[in-house]
Amino acid sequence: MKLSQFKFKLPEERIAQYPSPYRDDCRLMVVHAKSGIIEHREQFTDILEYFEKDDVFVFNDTKVFPARLYGNKEKTGAKIEVFLLRELNPELRLWDVLVSPARKIRIGNKLYFGENDMMVAEVIDNTTSRGRTLRFLYDGDHEEFKQSLYALGEAPLPREMIKRPAEPRDLEDFQCIMAKNEGAVTVPSAGLHFSRQLLKRMEIKDIRSAFVTMHCGLGNFREIDVEDLTKYKTDSEEIHVSGEACQIINDAKEQGHKICAIGTTVQRTLETAVSADGKLKEYNGWTNKFIFPPYEFHMADAMVANFYIPLSIMLMLTCAYGGYTRIMKAYKEALRDNRYRFGTYGDAMLILQD
């Protein structure tokens, strides 16, 4: 497959800037991958009609932290955006970050954040493949440091969504209700459609839940710079698959029940941790698995996705799962119907392998 095959015209006004008033109050397109039938449902809660007792929904329970900060460079006062990627060394306060504009930052530069320069950081390395390494100068304990650092940050909304000013509600909105394990710099967006009420209805219907962790990184939104997708390498992301999740999912598979992956990050996690015999195994490590058509999936019988932006790795994985021709046809239908919204806060798609 070529990069250009995932390009389509998406009007800017179709990219949702805010979530639905209620998490499960969005439209749902249902794509039957084998027959090609497409259904349009007005409520995401209708998803439960397609699942039975002891089917399993697999969620990503990663938690987003406020990763976008704005500071000023010493002497010049130039405004610098700092995007926290991950903590490298808690004791030394070292963080892997991206800075913008990058050309203005050199080793030894100091950056000042907050009123009265409440926090200072020094650039100690600018040769990493991902960006820069900052050392934050802070005298308190680690917990106090993290609280102060996060107090300065904003929700790390994707670029296509920051056409508007940041708002206090953004971090809560940009978080799944099952979020538990901190480490993501973007939300696993398919999980945003699940409300506490919907999870309760799943429980009443005896649909089970399993949880895996993938700390979603900026690689999900990084621009792909090659036409031949076989030559592209994604950023590595940390994943954790517990023994409990393995038992729930493997037991359901053996008993003939459906496994529904909630989003592309869950799909990539499952496909990383599946063993040669088709069973899920415990896994604690990193993955840079990049899935695009054609690809044979081993675990999920169904998948919940969002309507993703053009040229994104999430769209590529969705096409791999539902079939390139069928998914692109579904996207054309969504574009013709002005009620469908795209992006992180957009509407949902359910793909069934029936």
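**Cavities, cysteines and two hairpins**

A search of the whole structure, which is a predicted model, finds two cavities of 30 Å³ or more. Good morning, and let us begin with these cavities.

The largest has a volume of about 170 Å³. Its lining is made up of 18 residues, and those closest to the centre are V187, S189, F221, Y308 and M314. Sorted by class, the lining of this largest cavity holds nine nonpolar residues, eight polar ones and one charged residue.

The second largest cavity encloses about 50 Å³ of space. Among the residues that line this second cavity are N220, T234, R268, K289 and M314. Which elements give two or more residues to its lining? They are helix 5, covering 264–273, and helix 6, covering 313–322. Helix 6 gives the most, with three residues. By class, the lining of the second largest cavity has five nonpolar, three polar and two charged residues. As you may notice on the structure, M314 appears in both accounts: M314 is one of the residues closest to the centre of the largest cavity, and M314 also lines the second largest.

I turn now to the cysteines. How many disulfides does the count give? The count comes to zero. A disulfide requires two cysteine sulfur atoms within 2.5 Å. For C176, the closest cysteine sulfur belongs to C216 and lies 8.3 Å away, so the separation is too far for a bond. C260 is likewise in no disulfide, and the nearest cysteine sulfur, that of C26, is 14 Å away. Are these two cysteines buried or exposed? C176 is buried, with a relative accessible area of 4%, and C260 is buried as well, at 0%.

Finally, let us consider three strands and the hairpins they form. Strand 5, residues 68–73, pairs with strand 6, residues 79–89, in the antiparallel sense over five bridges. Within this pair, Y70 stands opposite E81 of strand 6. Five residues lie between the two strands of this hairpin, where K75 takes a positive phi near 70 degrees.

Strand 6 also pairs with strand 7, residues 94–100, again in the antiparallel sense, here over seven bridges. N89 stands opposite L94 in strand 7. In this second hairpin there are four residues between the strands, and R93 takes a positive phi near 60 degrees. Strand 6 therefore has a partner in strand 5 and another in strand 7, given that strands pair when at least two bridges are found between them.

Thank you for your attention.

Definitions and conventions: Residues are numbered from 1 along each chain as its sequence is written. This is a predicted model: local features need pLDDT of at least 70, side-chain atom pairs count only at pLDDT 80 or more; totals for chains, interfaces and linings use all residues. Side-chain values use heavy atoms; hydrogens and water are left out. Buried means under 20% relative accessible area, exposed over 50%, partly exposed in between (1.4 Å probe, protein chains only). On a 1 Å grid over the protein atoms alone, a cavity is a set of points where a 1.4 Å probe fits but cannot get out, and a pocket is an open set with protein on both sides within 12 Å along at least five of seven lines; lining residues have an atom within 4 Å of a point. Grid points are joined across faces, edges and corners, and a volume is the space filled by probe spheres set on the points. Ala, Val, Leu, Ile, Met, Phe, Trp, Tyr, Cys and Pro count as nonpolar, Asp, Glu, Lys and Arg as charged, and the others, Gly among them, as polar.
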